[in-house]
Amino acid sequence: MVGQAQIVALLVALCAPGLGGLMAFWQPWLALGGAGCAWVASAVLLQWALQGVESSLQLGRWLAVGQLDIGLDLRVDLVAAMLLFGVCSVGLAAQLHAADYLGDQRGRTLRLCSLVLAGSTLLLIADNYPLFYAGWALLSAGGHLLAGADYGRGGAAVGRTWIALRLGDLALLAGLVALCAGGQLGWATGEGGAAWIGLCLLLAVCVRSAQFPFHFWWTGPREEISFAAWILHGVCAGTAGLYAMLRTQPIWSADALVVYAALGTGMVTALCGAISSLAARDVRPALSYAMVSQLGLALAVVALDGRGAALHLVILGMGMGLLFMGITCLARAAGDDWELGTVGRLRRLLPLPYWAVLLGGLTVAGAPPLAGVWSYGVLLAPLLSLGGPGLWAGGCLLVFAVALCAMRLVFMVAAAEEGEKPQAFRTPGGGAQTALIGLGLLALIACALGYPPGVGYLEVQGGVLRWELLIGPGVSGLVGVLVAWLAFGEQVVAEEHKPGALRRFFAEGFYAEEVLQGALARPLLALARWVRDLDTFLCELALIEFGALSLRGAGWILGRLQSGQVRFYAALTLLGIVAALFYLTDI
Amino acid sequence: MEDHLLSICILLPLMGAVLVALRDQVTWVRNTALGCAGIEVLLCLYLFWRFDPGAAGVQFSERLAWIPELGASYHIGVDGISLPMLALTALLLLLGIGASRAERGETAALLVAATGALGAFASRDLLLFYFFAEMALLPIFLLVGRNKASSRVALRMVLHGAAGSAPLLVAMGYLAISHQNQVGHLSFDLLDGQALDLSLGIQSWLLLAFLVGFAVRVPLVPFHTWLPALLRAASPAVSLLAISAWLHVGAYGLLRFCPTLFPDAFASWRDYLAILAVATAVYGGVLGLVQVEVRHWLACATLSQMGWFVLGVCSLRAAGLQGSVVLLVGHGLITGALLLLGGMLAERGEESPDGGLGHRNPRLTGLLLLATLAAIGVPGMVLFAGEFLILIAAFETWGKSGLLILLAAGLQGVGGLRLVQRVVWGGGERRRETEDLRWREALLVVPLLLCALALGLRPVSLLDRVAGAVDGVLVAAGVGGEQPGEE
């Protein structure tokens, strides 16, 4: 009975988002139905996984040549179930939110959210590398299209997202092909791989989970996208990247170079993301960089031991989802005002989104007794056991930094000068208020997750839950909250103030995108134009014209040979004599 | 009747061409041609259904004396490699007729070209293959060169065609004469050619001649310039058939003849050919970065994909060869869809990079995005299956160097995105409104994309049919299974 129910749950989780997205061509709200079904299925699968029951299903062969037999195999263990639940929860909430706000863009955005969710679901429940890659690439395609959901906005975000994600996709494909060619189709179980495979995988993970300097695809889109829907892609992409890291750990963990590269990249990302978030005055980059910072912290820890990362990613998804969606409610109500100092001026008119922002900020900051403190404790525990007290203290410092940038947003929203109700004011949802349902769902899960499921997850995983390890991150988070309150609790950013060069440097993410463009994109395009011109010249002019000229010349000679003119024969004979002389005298 | 099913399949379009030529009336021309093409598709599906993947050798075989003095015979048959190509050609013919303007001359020429392509795929005799391959080319030359503006393109195709065909014919003749010297009579039969005992030097020269012949058609750099010019000058209907008559026949010939007729030379030279293949793929990718029209980019993408194809053949592994066949089928489906979409855009004046198509024509945009994603090898579409298998084979054969072709995949993806980004997104509001996708246009494009999707989700259904024939090629190439005659 359980077996059949597992099959049904797996199929629903796999197919519901995609089918919902397809049916949304007919009625947009059917996408919500698909996301809802997937969420229920993910909750059921998580429940079984917490009881130690893995769900698996084989849907037949996919690619089979000789000994290479790749099946459509699905499997959900505890890590996958946890992440699936997190992704489906944020997916449902983001779609509910998007359905409320997007007007005539709603249908397309909901369909694309469904595509992102479908890709994410597939990669999480895939039981072999090729199928995992299929989900990964589907997620890329969905994210790229989601970035350009509004056709009228121009395609800068689309290009940025696609090019970066494609780079990661190909790096992952290179690594996975090497693994598959070596006969390792399923998840790695203990054999180490070549260092270059590990580096390929790490590059893919860094791009996908928006690590520095590849973060720009995630932090760049601002005006062009539906901001609340973008958190869905952020959570899905971050989850995908770190899930790949977790699943391939036996391959790269044997190589110190890869481990240190991942650790270093994660720490740099966490630090730079926090700095950029603190320097930003627009809510959207501030939130995006806060997310990047969190993902950097997660990568740094996964490099050493990833047992706690899954729980942390889920809680991070909830917290950041609350922040993104709550602030979007406030900003939209204020007539698309995204300025940090003023975005919260209608908070009294919109108390529920405001409370959602507060709850999300505290969750992300790891303030006790919310779920974040558990995940930070477990996340940082390997730093102490494997890296020593110094590294653990460094981790706590990063927790302080990410807490500070999350709570800065909250306090600046709270400290904004209250304003009049504008003419363009609209409450979320108007009639249905579905956006608030999404926020409520996330808030409930964020509060609840730290306890029975979270602790249960740790017990099953065998994670070391030492109470003293919770104190460090907990205190770091609380200090972050306190410092944020002291620094930003009363401050209102002056609108006329022009930021300095250094601040702009930080706020623009250290100009990483510009550097990459200058170093790679522009030279490549210049090369392509040069090759095009050369192609035209060599092939069009030299090859074709020369070929045609030669044929015409041959035709002329043949014509002359038949003309009977003595002069021509004489000239030809003379030419032959000269050639023979040259040949004979060996000149 | 069933004994001659393959002949009926090949000659049906030719009969259709004769019927079409009888009356110059649009309804008659369209209905007759569509009827012939529809029956052709059904016949190919029947062949697919009756084909036994487990049986060795060719099926539906027929053999008649053709030119006994030269040892040429009408020897046809299909195996797992030629059968998908037959079906693809029939489908492209049907859609090409659907997209054409139903002019008598054009329609008859398309039908004749299809006969040539179908015959070439089914030929088991070298001279017959040559005859059908040339038969497929001539109508395309005539169609392209009909108006003055594109006469230069036709001239270019003639030059390329002649440059490729001449060495091919000479090499085939040499093989027949060698057969006479060794066995006592002339023969152009493929199996007889494979049984010849040729020195490595001779094999190398003959292989070079075959490679030149097929590299012009595939095309490989530097013989590629006819392709962008053709796609630019020809109508979508002509381009569809040209893809089948030029590219696919050339690619099929390269896969079918080069490794099997000259196994030692191919084994010696395949590394260099693989380098040329990767260079072609990367070259196509780089060129594709700066294209501003769908059909121009499509030419570059085709160049890239043909590089993948040749790399798969050069690997001389089952995964590579099967991947190449899947890639060829996928290329036909997806390129066909993009050609038709490019034609629709051009018809509406939307091919220019002003942008804003997404606003004005969302349905057309949706199909264009889907087809572009399919063309750059997104999983779930058939091209990914082919590319993945070729990558596996390339890695097994050349190690990390084999993965260099991923560079082409990256460039192709970026080029495709840049193109659709210019066409789809942005402010094209100031331009006039154009009609969105019509149902008749959707009927042309959607089947191709659905086939690409179905084969992408379940490529094993095609791979199972291809496997036996690929094993045969590998055995003939001396690298797989048991050698003929061994127990």
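Which residues line the largest cavity? In this predicted model, the lining is formed by residues of both chains: Tyr133(A), Arg166(A), Leu170(A) and Leu173(A), together with Trp308(B), Ile376(B), Gly377(B), Phe384(B), Glu387(B), Leu391(B), Leu406(B) and Ala409(B). The volume of the largest cavity is about 70 Å³. Its lining receives at least two residues from each of H6 of chain A, helix H16 (382-398) of chain B and H17 of chain B. In terms of residue class, nine of the lining residues are nonpolar, one is polar and two are charged. Over the whole structure, the search returns seven cavities of 30 Å³ or more.

Open pockets were examined next. The largest pocket encloses a volume of about 1,800 Å³. Its lining comprises 47 residues, and those closest to the pocket centre are Leu22(A), Leu115(A) and Leu138(A) from chain A and Leu370(B) and Leu453(B) from chain B. On the chain A side, the elements that give two or more residues to this lining are helix H1 (2-23), strand S1 (55-65), strand S2 (68-76), helix H4 (106-125) and helix H5 (129-147). Chain B contributes in the same manner through helix H15 (362-375) and helix H18 (439-457). The lining of the largest pocket divides by class into 37 nonpolar, seven polar and three charged residues.

The second largest pocket holds about 1,200 Å³ of space. A set of 38 residues lines the second largest pocket, and Ile163(A), Leu167(A), Leu520(A), Leu524(A) and Val414(B) lie nearest its centre. At least two lining residues come from each of helix H6 (156-181), helix H7 (195-208) and helix H21 (512-561) of chain A, and likewise from each of helix H11 (263-288) and helix H17 (405-424) of chain B. H6(A) provides the largest share of this lining, with 10 residues. By class, 26 residues of the lining of the second largest pocket are nonpolar, five are polar and seven are charged. H6(A) thus recurs in the description: H6 of chain A supplies at least two residues to the lining of the largest cavity, and helix H6 of chain A does so for the second largest pocket.

The interface between the two chains was then considered. Contact between the chains involves 48 residues of chain A and 53 residues of chain B. Chain A and chain B bury about 4,600 Å² between them, and carbon and sulfur atoms account for 74% of this area. Of the area that chain A buries against chain B, 15% is supplied by Trp62(A), Val65(A) and Tyr151(A), more than by any other three residues.

Polar interactions across the interface include nine residue pairs in polar contact, with both residues of each pair at pLDDT 80 or more. On the side of chain A that touches chain B, the elements giving two or more residues are S1, S2, H5, H6 and H21 of chain A. H21(A) gives the most to this side, with 14 residues. The residues on this side of chain A fall into 34 nonpolar, six polar and eight charged.

Over all chains, the count of salt bridges comes to 18, and the count between chain A and chain B is one. In that bridge, the side chains of Arg61(A) and Asp464(B) meet with an N to O distance of 2.6 Å. Arg61(A) belongs to strand S1 of chain A and Asp464(B) to helix H19 (residues 460-476) of chain B, so the pair joins two chains.

Backbone geometry was also inspected. Most residues other than glycine have a negative phi, and most peptide bonds are trans. In chain A, the peptide bond from Phe212(A) to Pro213(A) is cis, with omega near 0 degrees. Pro213(A) is located in the loop between H7 and helix H8 (216-219) of chain A. Ala210(A) also lies in the loop between H7 and H8 of chain A, and Ala210(A), although not a glycine, has a positive phi of about 55 degrees. In chain B, a cis peptide bond leads from Val218(B) to Pro219(B), with omega near -10 degrees. Pro219(B) is found in the loop between helix H8 (200-217) and helix H9 (226-233) of chain B.

Terms used:
Residues numbered from 1 in each chain as written. Chains lettered and ligands numbered in written order. Heavy atoms only, no water. 1 Å grid on protein atoms, 1.4 Å probe; cavity = no way out; pocket = protein on both sides within 12 Å on 5 of 7 lines; lining within 4 Å. Points joined across faces, edges and corners; volume = space filled by probe spheres on them. Helix = DSSP H or I, 4+ residues; strand = E, 2+ residues; numbered from the N terminus. Nonpolar A, V, L, I, M, F, W, Y, C, P; charged D, E, K, R; others polar. Contact = heavy atoms within 4.5 Å. Buried area = accessible area lost by both parts, 1.4 Å probe. Salt bridge = Lys/Arg side-chain N within 4 Å of Asp/Glu carboxyl O. Polar contact = N/O pair within 3.5 Å; in protein donor to acceptor, adjacent residues only side chain to side chain.
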